[in-house]
Amino acid sequence: MYRNIYLKKGKEESLGRFHPWIFSGALAHADDGIEEGDVVRVITSDGGFIALGHYQGGSIAVRILSFDDVVVDKAFWTAALGSALSLRRRLGLADSPRSYAYRLVHGEGDFLPGLIIDVYGKTAVMQAHSVGMHNARNELAAVLVDVMGGRIDNVYYKSETTLPFKAGVEHDNGFIVGGSDDNIAQENGLRFYVDWLKGQKTGFFVDQRDNRALLEEYSGGRRVLNMFCYTGGFSVYALRGGASLVHSVDSSAKAIELTRRNVELNFPADGRHEAFCEDAFKYLDSAGDNYDLIILDPPAFAKHRGALHNALKGYTRLNHKALSKIRPGGVLFTFSCSQVVTKDNFRNAVFTAAAQARRRVRILHQLHQPADHPINIYHPEGEYLKGLVLYVE
């Protein structure tokens, strides 16, 4: 049914450890007629079947869907999405009255590489990172509605910025199933506008949910600076936590406007909050020692391994500025969402920044992505979000 691709001798080792990627350098040859996005069978150099996956161009040649020789059909997608939902139900998310925003499918972490699905109330936002998942989008959407059993009414497809640009795939963002103008999601009793049309990721950063809740616990009576605020999630939690002042900063005017709307949605006419459209480094240079709680949650400084060195310099520089400015007794929440930056890389960058700032610093918490962003144990690259909570004397 499916065409075959063949591995070079000895290149099946990573698949024996169930890693979900095959790199292009591992391929010997392939059957004629294979196109990007096709499901292919992977054959070892001695002729044995080893895996099944989506073929694609680029350095990652195959994203593995199964290590069994199966048919990728409606039953396959139903089982995979059902497994993802079962985990979220066990986590208390899928049926929780307090958190209507959560991730249902997290790519390799849910054994569905190339697919992201976030749920915002009655709307699921689906995002493809591979042509194979893009080709399956309509079938996936139909199965998703069935599997969710009334939990969602709408499926919005948003892959304009995530599909491989060299694939030449044409598509428009839009609703595959249903349609809704209600773009307000709830998280832990707070409400947020979700910009699934033009916003980053699927419109909201659900991966910081647990870390926002932790920040709320530290916010009472503090003067808070939220850098790279995007939609203002940390700012809204800080206000509910009793912060005496919250300043939100982002270089994007659109992000600042969305932050203001989210603050107004939860805390109308609250004079404790101000938002500033300004470059983060310039703002910190002129900030003075006005803050005793600072959040640094920048966009990824490194999209690929070649950018790692400069990214680490950027993290050191940014954290040095914050550590130099924060008041004694202050708390710094600092993050990296760069996949190629390891926990040790990031911690060393922050360590260097602390030494340069000559401050006494203690680690209170080591943070990571939440349980609805699971990490496939055979795919350590999936551990992308890392953070530290620091007490600064």
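Which residues in helix 2 meet which residues in helix 4? On the helix 2 side they are Lys 74, Trp 77, Thr 78, Leu 81, Gly 82 and Leu 85, and they meet Glu 139, Leu 140, Val 143, Leu 144, Asp 146, Val 147 and Met 148 in helix 4. Keep in mind that this is a predicted model. Below is a quick tour of two open sheets, some helix pairs and one salt bridge worked through in detail.

**Helix 2 against helix 4**

- Helix 2 covers residues 74-90 and helix 4 covers residues 137-148; their axes come within 9 Å and cross at roughly 50 degrees.
- That angle makes helix 2 oblique to helix 4.
- As for handedness, the crossing of helix 2 and helix 4 is right-handed.
- Sorted by class, the contact of helix 2 with helix 4 has 8 nonpolar, 2 polar and 3 charged residues.

**The sheet of 6 strands**

- This open sheet runs in the order 2-6-5-4-1-3, and its pairing is mixed.
- The edges belong to strand 2 (21-23) and strand 3 (27-30); each has a single partner strand, so one side of each is left without a neighbour in the sheet.
- From one strand to the next, the twist averages 35 degrees.
- Strand 1 (residues 3-7) and strand 4 run parallel, joined by 4 bridges.
- Across that pairing, Asn 4 stands opposite Arg 41 in strand 4.

**Arg 41 and its salt bridge**

- Side chains of opposite charge can pair when their charged atoms come close.
- By the rule used here, the count comes to 17 salt bridges.
- In one salt bridge, Asp 69 pairs with Arg 41, and the closest N and O atoms are 2.7 Å apart.
- Asp 69 sits in the loop between strand 6 (60-66) and helix 2, while Arg 41 is in strand 4 (residues 39-43), so the pair ties together parts that are 28 residues apart in sequence.
- Going by backbone position, the C-alpha atoms of Arg 41 and Asp 69 are separated by 7.7 Å.
- Setting aside neighbours within four places in sequence, Arg 41 is in contact with Tyr 2, Arg 3, Asn 4, Ile 5, Phe 49, Ala 51, Leu 52 and Asp 69.

**The sheet of 7 strands**

- Here the open sheet has the order 16-15-14-17-18-20-19, again with mixed pairing.
- Strand 16 (273-277) and strand 19 (361-368) stand at its edges with a single partner strand each, so one side of each has no neighbour in the sheet.
- Neighbouring strands of this sheet are turned by 15 degrees against each other on average, direction ignored.
- Strand 14 (residues 223-227) pairs with strand 17 (residues 293-296) in the parallel sense over 4 bridges.
- One bridge to look for: Met 227 has Leu 296 in strand 17 as its bridge partner.

**Helices on that sheet**

- Helix 6 (residues 233-240) lies across strand 14, strand 15 (245-250), strand 16, strand 17 and strand 18 (330-336).
- Relative to strand 15, helix 6 runs at about 180 degrees.
- Helix 10 (residues 343-357) also packs on the sheet, touching strand 18, strand 19 and strand 20 (386-392).
- The direction of helix 10 makes about 25 degrees with that of strand 20.

**Helix 5 against helix 6**

- The axes of helix 5 (residues 209-218) and helix 6 come within 8 Å, crossing at roughly 35 degrees.
- The crossing of helix 5 and helix 6 is right-handed.
- From helix 5, Asn 211, Arg 212, Ala 213, Leu 215 and Glu 216 meet Gly 233, Phe 234, Tyr 237, Ala 238 and Arg 240 in helix 6.
- By class, this contact of helix 5 with helix 6 has 5 nonpolar, 2 polar and 3 charged residues.

**Helix 9 against helix 10**

- Helix 9 (residues 308-325) packs with helix 10 at an angle of about 40 degrees, the axes being 8 Å apart.
- That makes helix 9 oblique to helix 10.
- Helix 9 passes helix 10 in a right-handed crossing.
- Among the helix 9 residues in the contact are Leu 308, Leu 312, Tyr 315 and His 320, and the helix 10 residues include Phe 346, Ala 349, Val 350 and Ala 353.
- The residues of the contact of helix 9 with helix 10 divide into 10 nonpolar, 7 polar and no charged.

Notes:
Residues numbered from 1 in each chain as written. Predicted model: local features only at pLDDT ≥ 70, side-chain atom pairs only at ≥ 80, totals over all residues. Heavy atoms only, no water. Axes fitted to C-alpha atoms, helices over the stretch in contact; angles between N-to-C directions. Helix = DSSP H or I, 4+ residues; strand = E, 2+ residues; numbered from the N terminus. Parallel < 35°, antiparallel > 145°, perpendicular 65-115°, else oblique. Left-handed = near helix turned anticlockwise from the far one by under 90°. Contact = heavy atoms within 4.5 Å. Nonpolar A, V, L, I, M, F, W, Y, C, P; charged D, E, K, R; others polar. Pairing = 2+ DSSP bridges. Salt bridge = Lys/Arg side-chain N within 4 Å of Asp/Glu carboxyl O.
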